[in-house]
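Visitor: Could you take me through one small part of this model slowly, beginning with a single residue and then moving outwards to what lies around that residue?

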Amino acid sequence: MIKLPEKINLAIRAEGERTYPDECCGVILGKLGDGEREVTAILPIDNEREAEERHHRFVIGPDDFMKAEKEARKLGLDVTGFYHSHPDWFSRPSDYDREHALPFYSYIIVSVEKGKAAELTSWELTPDRARFIQEL
Ligand SMILES: [Zn+2]
């Protein structure tokens with residue numbers, strides 16, 4: 001299960017509002033261990049989608065992912081998942097989100113309604129990749 005400190009929660013909300021009406025996206029960092037995973041930092045990543053798609057699709061490229069892993073190691077942390085925003089949409093994973101997700105990682109989604117951050121949820125994909133389980 002994921003543990004999300006208030007200041008990280010606020011930081012993800014702020015990112016969602018900053019990039020509105022586009023999606024924000026980034027990596028969440030923490031410590032991998034048994035049971036609870038506490039998020040201790042986030043790394044915002046520039047949304048690589050072409051401009052006209054950016055409001056409803058996010059992509060983290062392999063270069064970004066490698067940079068994030070390197071940054072995490074420098075901080076003595078692990079990449080534990082990803083976050084992105086849903087501008088003017090529910091904080092539920094889309095089919096696209098599921099198709100591009102991997103088991104094990106946490107996927108945080110913040111809904112941003114008319115520029116204001118609203119509901120924030122977190123999801124983990126089942127090992128067979130069939131569905132997401134809500135963890136927050
Ligand atoms: Zn999404």
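Guide: A polar contact is a pair of N or O atoms within 3.5 Å, and within protein one of the two must be able to donate a hydrogen and the other to accept it. Please keep in mind throughout that this is a predicted model.

Let us begin with Thr-121, whose place is in strand 6, the run of residues 116–125. A polar atom of the side chain of Thr-121 lies 2.6 Å from the backbone oxygen of Ser-91, and the side chain of Thr-121 is also joined to the side chain of Trp-123 by a polar contact of 2.8 Å. Thr-121 has a relative accessible area of 1%, and because buried means under 20%, Thr-121 counts as buried. If we set aside residues up to four places away in sequence, Thr-121 touches Ser-91, Arg-92, Tyr-107, Ile-108, Ile-109, Gln-134 and Leu-136.

Two of the names we have just met, Tyr-107 and Trp-123, lead on to the aromatic rings, since ring pairs link them with Phe-65, Phe-82, Phe-104, Tyr-105 and Phe-132 into a cluster. One member of this cluster, Phe-104, has Arg-37 lying over the face of its ring, at 5.0 Å from the ring centre. The count of aromatic pairs comes to 7. Among the ring pairs is that of Trp-89 and Phe-90, whose centres are 5.0 Å apart and whose planes meet at 65°, so this pair is edge-to-face. Trp-89 is exposed, with a relative accessible area of 54%, and Phe-90, at 56% relative accessibility, counts as exposed too.

From the rings we can turn to the zinc ion, whose protein donors are NE2 of His-84, NE2 of His-86 and two OD atoms of Asp-97, lying 2.1 to 2.6 Å from the ion. In sequence these donor residues follow the spacing H-x1-H-x10-D. The angles among the 4 donor atoms run from 55 to 157°, and the site is irregular. Both histidines can be placed by their accessibility, for His-84 is buried with a relative accessible area of 2%, and His-86 is buried with a relative accessible area of 5%.

To finish, we can follow strand 6 to the loops that border it, and look there at the backbone. Most residues other than glycine have a negative phi. In the loop between strand 5 (106–113) and strand 6 we find Lys-114, which has a positive phi of about 50° although it is not a glycine. Lys-114 is exposed, with a relative accessible area of 76%. In the loop between strand 6 and strand 7 (132–134) lies Arg-129, which has a positive phi of about 65°, again without being a glycine. Arg-129 counts as partly exposed, at 35% relative accessibility. So, starting from the buried Thr-121, we have come by way of the aromatic cluster that includes Trp-123 and the irregular zinc site to the exposed Lys-114 and the partly exposed Arg-129.

Terms used:
Residues numbered from 1 in each chain as written. Predicted model: local features only at pLDDT ≥ 70, side-chain atom pairs only at ≥ 80, totals over all residues. Heavy atoms only, no water. Helix = DSSP H or I, 4+ residues; strand = E, 2+ residues; numbered from the N terminus. Buried < 20%, exposed > 50% of the residue type's maximum accessible area, 1.4 Å probe, protein only. Contact = heavy atoms within 4.5 Å. Donors = N, O, S within 2.8 Å, 3.2 Å for Na, K, Ca; no water. Tetrahedral: all angles 85-135°; square planar, octahedral: opposite > 155°, others 65-115°. Phe/Tyr/Trp six-rings, centres within 6.5 Å; stacked < 30°, edge-to-face > 60°. Lys NZ or Arg CZ within 6 Å of the ring centre and 35° of its normal.
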